[in-house]
Amino acid sequence: MQAGVTGVQNGSATGGGNTDRGFGAAVSISGSRPDQNSYRLDGISINDYANGAPGSVLGDNLGIDAVEQVSVLGSNYPADYGRTSGGVINVVTRSGKNAFHGSLYEFLRNSALDARNFFDGPVIPAFKRNQFGGSAGAPIKKDRTFIFGDYEGLRQSLGVTTVNTVPSDTARLGIVHDSNGNLLGPDGNPAGGPWTGACPNPATQTNLAPGQAGFCVDNFVGLNTLQHPSFLKAFFPSPNGQLQPDGNTGVFSFSAQEVTTENYFTVRLDHKFSDSDGIYVTYMRDNSKTIQPRTFGELFSDIVSGRQVATLHAQHIFSPNLLNVARIGFGRAVGIEGHVTSVLNPLMLDPSYAFVPGGFAGRILSLPGVTDFGGAPTAQGDLSSSRSLFWNSFQGGDDAVLTRGRHALKFGVEVERMQDNQVSAGNVNGTFRFDSLTQFLINQPAAFQGTALPLPTDSGMRQTLIGAYVQDDIRVEKNLTLNAGLRYEMVTRADRKPRPDFCAAQPDGCTAECWNQIVWESHASEL
């Protein structure tokens, strides 16, 4: 890695980034934040919706065979580079030549070569990865037209061991102790002995362990019948590992396969009209998806990353001293998480466990000492935490280079239209929060949170960036060059595009006050 470039871990179960911060490998260049960098492919910005690095769900970037040149600018870069206060990473794609050239390859990894980690059972979870591809470049018309293509695929099945903490079998009966071994009552304080007599609410509570339990357990949470398992039985598995010292919770672990598929390809077409004119077109697409188990293995959901880039460059030489290059491009980045691909626990779709009418089991969060339960899917087949982000960038620019004596002048303009769209499911199944395990067992939540909108909420932002610059490289002596440049950049106000059906439900539509429109203008100059 180049000096001044430092990797930053932004955390993900899949090994890459995450939907909020982007999937690419986060790096700090010369001390800047990872989202301050500019990533460019053939002169077109390929930053994602979080202004982060491009990457798949695994955080990788395939297609190294399609790269001709890479440069990293850490600081004091010329005025023709804008849209950043951090580093600039430039990548130029490879073109075809007069001679045919190509390659084929495959890399294999297998769990048969792996060592057992601390949390694995007696059998190492299966792991297989196949990374394969090929590239080729050839002339279509000698000395005039060339084509180059590159494909790379990845297939991975990774066995992951998940370790959770769940209520113990005795705690489910109302036998809960503090750290000193005292039996706790319904108020969470030492009870002085087992619960005797009738339950406070006989219609909704049951003493599941007479003579042992410190309180009566809520029927919905803990009472099992032949017709209807309790909420605990349905969604919190019993421990299959070591219990905690107080005996209230224990370890539940399981192994499952996390399956990833990725397909990447790049195509570049070059055509030379004459010695003075030429164009080239590049198209890149990278789609990846990981299907992974949820907290207790009750269902599987996916994480999806998609990228597309298209560029068109035209070059014209007016004279030996004057060169002009024009470009247009389109970039798209997609990040989706939370779509349910399969449900292994059929009770997840049982409406009798719903927290709100018309829904399914909601989330249980902030329960001390117990792993959060993420809840059942929504009626639309997504998790309550699901999100979809879509970023579109339309770009154009023109650069000219004029050489005159000791001066090498470069000047140009660029325009970028940005579209940022987001869709989130909303907490339609609801969320209960509990301050203690005792509160959970007697069904006395500390807080409830839900949404009044039964459908996913979406919104969009629109902005335009305009920049212009002039740069002069003055060769003072053979061994001394002075660089002087001026760049001016502005970004128009960010207009929020509200959801049409939400607007229709408002008495006066979506007014500025209704959506609290975000409006600002920013200007930046650089000398």
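This report covers the confidence, the disulfide and a nonpolar surface patch of one protein chain.

The structure is a predicted model, and its protein chain has a mean pLDDT of 87, with 91% of the residues reaching 70 or more. Confidence is not even along the chain, since pLDDT stays under 50 over residues 512-527, a stretch for which the model nevertheless has 41 contacts beyond four places in sequence.

A search of the whole structure finds one disulfide, which is formed by C199 and C216 with their sulfur atoms 2.1 Å apart. The link of C199 and C216 is left-handed, with -85° about the S-S bond. C199 lies in the loop between β9 and β10, while C216 lies in the loop between β10 and β11, so the pair ties together parts that are 17 residues apart in sequence. Both cysteines, C199 and C216, are buried.

On the surface, I140, I147, F265, V267, L269, V281, L312 and I328 make a nonpolar patch of about 610 Å². Strand β12 gives the largest share of this patch, three residues, whereas V281 is found in strand β13. V281 is partly exposed, with a relative accessible area of 35%, and V281 can therefore count towards the patch because patches are made of residues with over 30% relative accessible area and no salt bridge.

The strands named above that have a stated residue range are set out here.

| Strand | Residues |
|---|---|
| β9 | 145-167 |
| β10 | 205-206 |
| β11 | 217-218 |
| β12 | 249-272 |
| β13 | 277-293 |

Technical notes:
Residues numbered from 1 in each chain as written. Predicted model: local features only at pLDDT ≥ 70, side-chain atom pairs only at ≥ 80, totals over all residues. Heavy atoms only, no water. Patch = residues over 30% accessible without salt bridge, like charges linked within 9 Å, V, L, I, M, F, W, Y side chains within 5 Å. Areas by Shrake-Rupley, 256 points an atom, 1.4 Å probe, with all protein chains shown as cover. Salt bridge = Lys/Arg side-chain N within 4 Å of Asp/Glu carboxyl O. Helix = DSSP H or I, 4+ residues; strand = E, 2+ residues; numbered from the N terminus. Buried < 20%, exposed > 50% of the residue type's maximum accessible area, 1.4 Å probe, protein only. pLDDT = per-residue confidence, 0-100. Contact = heavy atoms within 4.5 Å. Disulfide = S-S within 2.5 Å.
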